[in-house]
Amino acid sequence: MSDFPSPPNLVLHGTEATGKSLTVNALLKAIDYRSAVVRSKECITTRHLLERTLTEAQNALGDSAWPIDGRCESISAFVVQLQRLLEGQKKFLLVFDNIDRQRDAAPTLLPALARLGEIVSIILSTPLNPSSL
């Protein structure tokens, strides 16, 4: 399954408590890609979300990962650190669970995350209508 092509971004949406997160977690267990799940609603600010994302990615990569710088002040700094962290990785899946519930998110956050598909495959799980993304 590792050679199976995948879209750069995938948005799962539906009403609450319909099994979106459960489905994504089952899929991640069934495939052999490294992945990180970020529980977005636990992050207060955009900076907190970006730093948590880098930490989760580093934890998923284990000892093979480059050390991260700790602070991540902007999307551009996040992209630089993520690229360095994922250097040499064939494929990495990054899941933002409940991204619509991320507190104090900048209006440019979701479009910026969507552009990350050039670096890493992204799964956004949200009960919102995808047109609001």
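## A walk through the chain from helix H2

Let us start at Ala57, which sits in helix H2 (residues 46-61); helices here are DSSP runs of H or I with at least four residues, strands are E runs of at least two, and both are numbered from the N terminus. This is a predicted model, in which local features need pLDDT of at least 70 and side-chain atom pairs count only at pLDDT 80 or more, while totals for chains, interfaces and linings use all residues. Residues are numbered from 1 along each chain as its sequence is written, and side-chain values use heavy atoms, with hydrogens and water left out.

Ala57 has a relative accessible area of 0%, so Ala57 is buried; that word stands for under 20% relative accessible area, exposed for over 50%, and partly exposed for what lies in between, with a 1.4 Å probe and protein chains only. Who are the contacts of Ala57, leaving aside neighbours within four places in sequence? They are Ala36, Leu82, Leu85 and Phe92, where contact means heavy atoms within 4.5 Å. The C-alpha atom of Ala57 is also 8.8 Å from that of Arg34, a residue 23 places away along the chain.

Now step back to the overall plan. The chain has four helices and four strands, arranged along the sequence as β-α-β-α-α-β-α-β. Of its 133 residues, 36% are buried. Among contacts with a separation of 6 or more, 75% join residues 24 or more positions apart.

Helix H3 (residues 75-85) brings us back to two of the partners of Ala57: Leu82 and Leu85 are buried there, along with Phe78 and Gln81. These four lie on the same side of H3 because they cover an arc of only 100 degrees around the axis, the arc being that of the directions from the helix axis to the C-beta atoms. An α-helix has 3.6 residues a turn, so residues three or four places apart point the same way. Exposed Ser76 and Val80 are on the face of H3 turned away from the buried side. H2 is included in what covers the buried residues of H3.

Leu50, also in H2, shows this from the other helix. Its relative accessibility is 3%, so Leu50 counts as buried. Apart from residues within four places in sequence, Leu50 is in contact with Cys72, Ser74, Ile75 and Phe78. Leu50 and Leu82 are 32 residues apart in sequence, with 9.7 Å between their C-alpha atoms.

Where does Leu82 belong in the wider packing? The largest nonpolar core has 23 residues, and Leu82, Phe92, Leu94, Phe96 and Val120 have the most contacts inside it. Such a core is a set of buried Ala, Val, Leu, Ile, Met, Phe, Trp, Tyr and Cys residues joined through side-chain atoms within 4.5 Å. Strand E2 (34-39), H2, H3, strand E3 (92-97) and helix H4 (109-115) each give two or more residues to this core, and H2 gives the most, with five. A second, separate core has seven residues, including Leu12, Val24, Ile31 and Tyr33.

Val24 leads us to helix H1 (residues 20-30), where Lys20, Val24 and Leu28 are buried. Their arc around the axis is only 70 degrees, which puts them on the same side of H1. Leu22, Lys29 and Ala30 are exposed on the other side.

Strand E3 is mostly covered, with six of its six residues buried. Phe92, Leu94 and Phe96 point one way, and Leu93, Val95 and Asp97 the other. E3 pairs with E2 in the parallel sense over six bridges; strands count as paired if DSSP finds at least two bridges between them. In this pairing Arg39 stands opposite Asp97.

Finally, the charges. A salt bridge is a side-chain nitrogen of Lys or Arg within 4 Å of a carboxyl oxygen of Asp or Glu, and the count comes to six. One of them joins Glu42 and Arg52, at 3.2 Å from N to O. Glu42 is in the loop between E2 and H2 and Arg52 in H2, so the pair ties together parts ten residues apart in sequence. Glu73 forms a salt bridge with Arg47 at 3.8 Å, linking the loop between H2 and H3 to helix H2 across 26 residues. Arg71 also forms a salt bridge with Glu73, at 2.5 Å between the closest N and O atoms. Salt bridges that share partners join Arg47, Glu51, Arg71 and Glu73 into one network. Within that network, Glu51 counts as buried at 18% relative accessibility, whereas Arg71 is exposed at 52%.
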